[in-house]
Each structure stands twice: as structure tokens, then as C-alpha cells.
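Please read this briefing alongside the structure shown here. The points are grouped by topic, beginning with one arginine and moving outward from there.

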Amino acid sequence: MDWTPTISELSGPRYQRIVEAMEADIAAGRLVRGQQLPTQRALARALGVDLTTVTRAYTEARRRGIMEARVGQGSFVSETSARRTVDLPHPVAIDLSMNVPPHPLEAQLDERIMAGFEALRTQSGLTAFLNYQPPGGSTHEREVAARWMRARVPSAQADKLVIFPGAQTILFNLLAHLARPGDVVLTEALTFPGIKAAAAQLGVKLVGVAMDDGGILPDALAKACRTCRPKAVYLIPTLHNPTTATLNPERRSAIAKIIRDADTVLIEDDAYGLLDRSASPIANLIPERTYLATTLSKCIAPALRVAYLLAPDNGAQLQMRGHLQASVQMPAPLMVALVTHWLESGVADRIITAIRNEAVGRQQLAQRSLKGFQFQAKPAAHHLWLHMPEGRPDIAGHLLRNGLAIVAGDAFTVDGTSPPAARVSLGAARNRAELTQALRILIGALQRPVDRRQIV
């Protein structure tokens with residue numbers, strides 16, 4: 001038996017001590033991802049406890065997400081770090097609808113969160129972050145963020161940067177700032193549902209521009225700019241949601257020229273840019289016309305609610321800080337302080353690297369599983385864009401009835417046309433074993449014969 005925990009120095013019920021020892025050994029590297037754990041009977045004999053104690057411990061470890069059971073093989077250390085279980089709406093058993101990052105053990109999120117808060121407590125005390133703070137972040141927090149962002153945008157400066165509580169808040173406030181009810185904002189023909197929701201609330205009209213597998217078409221964008229005279233152009237140029245399309249340098253240059261010639265501005269959603277750092281933001285070509293939104297939701301964790309807006313100039317930055325103060329006052333100071341500490345110490349980049357590596361591994365798993373089916377994907381994306389077989393438009397509905405949730409293409413369309421495709425969010429699975437199970441269900445639905453019978 002390779003693992004025998006030390007529980008004599010721990011307090012509490014024995015089953016909890018076993019789980020806590022497992023968590024500690026994972027954090028210390030004594031247990032590694034995918035390592036097989038001893039059988040319940042073997043561990044009970046080694047610790048001198050009854051079998052029900054170990055059974056209860058293994059059940060709790062599975063609930064916390066640190067251990068997984070494989071039928072016919074045994075129990076293994078989970079491929080991802082612990083995630084709190086949630087009550088999924090019936091009949092969902094596996095939810096691949098939310099586009100969230102996976103949390104591999106290598107990211108060490110639990111340990112780094114605790115270490116980060118301890119560092120903040122030692123430096124200034126946690127209660128220092130429980131009062132009102134400057135809207136958009138302190139000078140120090142914005143300077144740290146600007147230095148970090150210069151790896152992608154060399155011109156980033158603190159006096160052009162605003163810290164927001166999430167990218168959705170950035171998008172809503174930008175639309176409110178740049179457009180009035182009835183004004184037009186151009187987007188890709190398929191776009192992020194969040195911008196659709198914000199535009200609907202504000203009465204802003206979104207007009208979708210034609211795309212191909214490489215992203216938005218420059219000629220179509222130029223024509224739409226001439227026809228619609230948009231107040232802004234909203235794009236996701238890197239690992240596009242939902243198609244994963246990433247604009248090549250030639251298209252980025254063409255789009256920058258079109259936006260400049262049309263005398264409009266770009267809202268560049270760089271939510272996934274940190275997963276593919278080879279793609280340079282369009283903001284580097286037209287910084288004076290770009291509002292660049294960078295969030296940690298897709299590269300670390302969505303509940304941190306920390307996002308950065310790089311405005312074209314100091315005047316625009318001050319205006320956006322005013323919008324932020326009027327709408328939500330400020331981002332959560334304790335979360336901003338934690339993230340700032342991670343940026344300064346280099347921890348943030350190490351977390352992002354671990355998450356990017358896990359995304360690559362999941363894409364490779366999906367590539368093998370879905371061989372023979374048509375889909376769009378990129379190596380480090382958290383999702384893929386699955387094209388439905390002819391005559392099978394309602395696979396998303398069929399999957400939901402079988403316990404698997406994905407997002408049908410109509411959630412992303414701007415003009416109301418429902419494309420025969422769906423987004424599958426690989427990062428949402430708790431671990432690769434659950435992702436493998438989900439892909440089996442998906443493949444079964446794709447291969448299911450079409451039932452052409454009609455009830456009349």
C-alpha cells in the first residue's frame with residue numbers, strides 16, 4: 001500500500017481526520033493527481049479502524065472533489081482540485097453549459113488562497129479591506145495590474161486602468177457610456193450572451209457581422225460600419241465564445257484600420273487572451289480607440305470578480321470610474337487585494353499556467369473522443385463548438401433529458417437564426433473522468449438514429 005495517512009496528530013472524528021490528511025498530502029505533493037489510493041479494507045487494516053470509518057471518509061473525499069472512484073479499477077486522487085458540490089437542477093447530472101476554467105491540483109488554489117490571505121493579514125490586517133475603497137482600485141492596485149498587463153499590452157498604464165467586479169459589469173457600463181437606446185453596436189454574428197443581455201437592458205441594438213472559421217470577416221465589418229454607423233464594435237478576437245475562432249494578424253490589422261476609418265471605437269473582450277498569449281490584442285494597433293477588458297474569470301476563477309478595463313486615455317478612465325461608482329460603487333476590496341498580491345508575487349501566472357495546461361489536456365481528450373465528428377476547437381480553449389449532424393438540431397434538448405447540459409447555438413446568435421451547433425464547455429467537468437463520461441453520453445446522442453416518426 002503506497003499511502004498510509006498520519007491521523008494521530010489531527011483532531012475530530014476519525015473519518016474527517018483521514019480526509020484532512022488526504023488533503024494535506026495532496027497539497028504537500030505526497031499524493032499526486034491520478035494516483036491510486038488503497039482499498040477501503042486495506043486502509044482500515046493499516047489504521048486499525050473499522051471499515052465503515054474509511055467508507056465514510058472516502059465518501060466525504062468524493063463529495064469534496066479530491067477523490068474519484070472508477071468502476072472496476074478502484075479509488076484515485078482526483079484529477080482536479082476540490083470543488084464544492086452544488087445542487088444541479090433536475091435532470092442535470094453533468095453540467096457542461098457554463099464556460100468556466102478547470103481547477104487542476106497543480107493550481108493549488110486552496111493553499112494559495114489561504115497563503116494569500118495570511119500574507120495580507122500579516123501586512124495590514126484583513127479588516128483594512130472591509131471598508132469603502134477608491135472606485136476602480138487604489139493607485140497601487142492599478143499600478144500592479146498595469147505592470148502585469150504589459151506582457152500583452154506594452155502601453156498599459158495605471159492612469160488608463162479601472163478595476164471592475166467582473167467583465168459583465170465592464171460591458172454593461174461601457175454600453176451605457178458609449179451608446180444610447182436605439183444606437184447600433186456591431187458584434188460577430190455569434191457572440192457572448194452577456195453582451196446580448198446588457199444591450200437588451202439598455203435598449204442598444206446589436207447587429208451581427210458575418211464570420212467564417214477564422215472569425216469576423218473584415219469586408220463584412222467594413223460594409224456594416226458604412227451602413228449602420230455604429231457607436232462601437234464589440235469583438236472577442238481570441239478563442240472566440242462560442243466558436244473558438246482566433247483572428248490572425250492580418251485580420252487584426254484590417255479590423256483596426258476599418259475601425260479607425262469608420263471613426264468608431266472597439267470594445268475588445270480579452271476574456272480568453274491569457275490562455276493563448278501568442279495572439280496580440282487589437283488594442284496594440286489602435287490603443288486610442290480601444291476599451292480592452294481583461295478578466296480573471298476564465299483563467300483563474302469566476303467568483304473572484306476581478307476584471308481590468310484599459311481605457312483609451314486618462315479622460316475615458318475617469319469617466320468609467322464614475323460609471324462604476326454610480327452603478328456598483330467598487331469591486332470587492334478583499335478579492336482585489338488577494339489578486340493584487342498574486343500578481344505581485346507571480347502566483348497568478350503560475351495558477352494560469354496550470355489551468356492552461358489542464359485545458360490543453362482536456363482538449364486532447366475531446367479530440368480523441370470526438371474523432372470523426374465536426375467541431376471547432378483550439379488547444380487551450382475551455383470549450384469547443386460542435387456542429388450537429390444533419391437532421392439533428394435538438395441534440396441539446398435530448399442530452400438534457402439524459403442528464404447532460406450543453407448550450408445550443410441559438411443562445412449566441414444575434415439575428416435570431418439558430419445555427420445547427422452547440423457549445424460544449426470542457427472546463428466545467430469536475431475532473432477528466434467526469435468529462436470522459438459526458439463525452440460518452442454526447443457521442444451516444446450524436447450516433448443515435450434519427451427518429452423521423454411524427455405524432456399528428
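**A buried arginine and its surroundings**

In this predicted model, R142 is found in helix α5, which covers residues 139-149. R142 is buried yet has no salt bridge, and the nearest side chain of opposite charge, that of D159, is 6.8 Å away, whereas a salt bridge would require a side-chain nitrogen of Lys or Arg within 4 Å of a carboxyl oxygen of Asp or Glu.

- Leaving aside neighbours within four places in sequence, R142 is in contact with G136, G137, A158, D159, L161, I163, Q317 and R321.
- Two of these contacts, L161 and I163, are themselves buried on one side of strand β4, and the sheet that contains β4 is described next.

**The open sheet**

- The sheet is open and has 7 strands in the order β4-β12-β11-β10-β9-β5-β6, with mixed pairing.
- Strands β4 (161-164) and β6 (205-209) stand at the edges, and because each has a single partner strand, one side of each is left without a neighbour in the sheet.
- From one strand to the next, the twist averages 20°.
- At one edge, β4 and β12 run antiparallel and are joined by 4 bridges, with I163 standing opposite Y308 in β12.
- At the other edge, β5 (residues 184-188) pairs with β6 in the parallel sense over 5 bridges, and E188 stands opposite V209 in β6.

**What covers strand β4**

- In a regular strand the side chains alternate between the two faces of the sheet.
- Both faces of β4 are covered, with L161 and I163 buried on one side and V162 and F164 buried on the other.
- Helix α10 (residues 314-327) lies across β4, β11 (290-295) and β12 (307-310), and runs at about 20° to β4.

**A proline that meets the end of β4**

- P331 is found in the loop between α10 and α11, the latter covering 333-345.
- P331 counts as buried because its relative accessibility is 6%, and buried means under 20%.
- Although P331 and P165 are 166 residues apart along the chain, their C-alpha atoms are separated by 4.5 Å.
- Not counting residues up to four places away in sequence, P331 touches G136, I163, F164, P165, L324 and V336; G136 and I163 are also among the contacts of R142.

**Helix α14**

- Helix α14 (residues 432-447) has 16 residues and reaches 22 Å from its first C-alpha to its last, close to the 22 Å expected at 1.5 Å a residue.
- The buried residues of α14 are R432, E434, L435, A438, L439, L442, I443, A445 and L446.
- What covers these buried residues includes the helices α12 (347-369) and α13 (395-401), together with the strands β3 (94-95), β14 (383-387), β15 (404-405) and β17 (421-425).

**Backbone points to check**

- Most residues other than glycine have a negative phi, and most peptide bonds are trans.
- A cis peptide bond joins N241 and P242, with omega at about 25°, and P242 is found in the loop between β9 (232-235) and α9 (249-261).
- R229, in the loop between α8 (218-228) and β9, has a positive phi near 45°, and R229 is exposed, with a relative accessible area of 70%.
- R305, in the loop between β11 and β12, has a positive phi near 55°, and R305 is partly exposed, with a relative accessible area of 34%.

How values were computed:
Residues are numbered from 1 along each chain as its sequence is written. This is a predicted model: local features need pLDDT of at least 70, side-chain atom pairs count only at pLDDT 80 or more; totals for chains, interfaces and linings use all residues. Side-chain values use heavy atoms; hydrogens and water are left out. Two strands pair if DSSP finds at least two bridges between them. Helices (H or I, at least four residues) and strands (E, at least two) are DSSP runs, numbered from the N terminus. Axes are lines fitted to C-alpha atoms, for helices over the stretch in contact, and angles run from 0 to 180 degrees between N-to-C directions. Contact means heavy atoms within 4.5 Å. Buried means under 20% relative accessible area, exposed over 50%, partly exposed in between (1.4 Å probe, protein chains only). Lys and Arg count as positive and Asp and Glu as negative; His and the chain ends are not counted. The expected span of a helix is 1.5 Å times one less than its number of residues.
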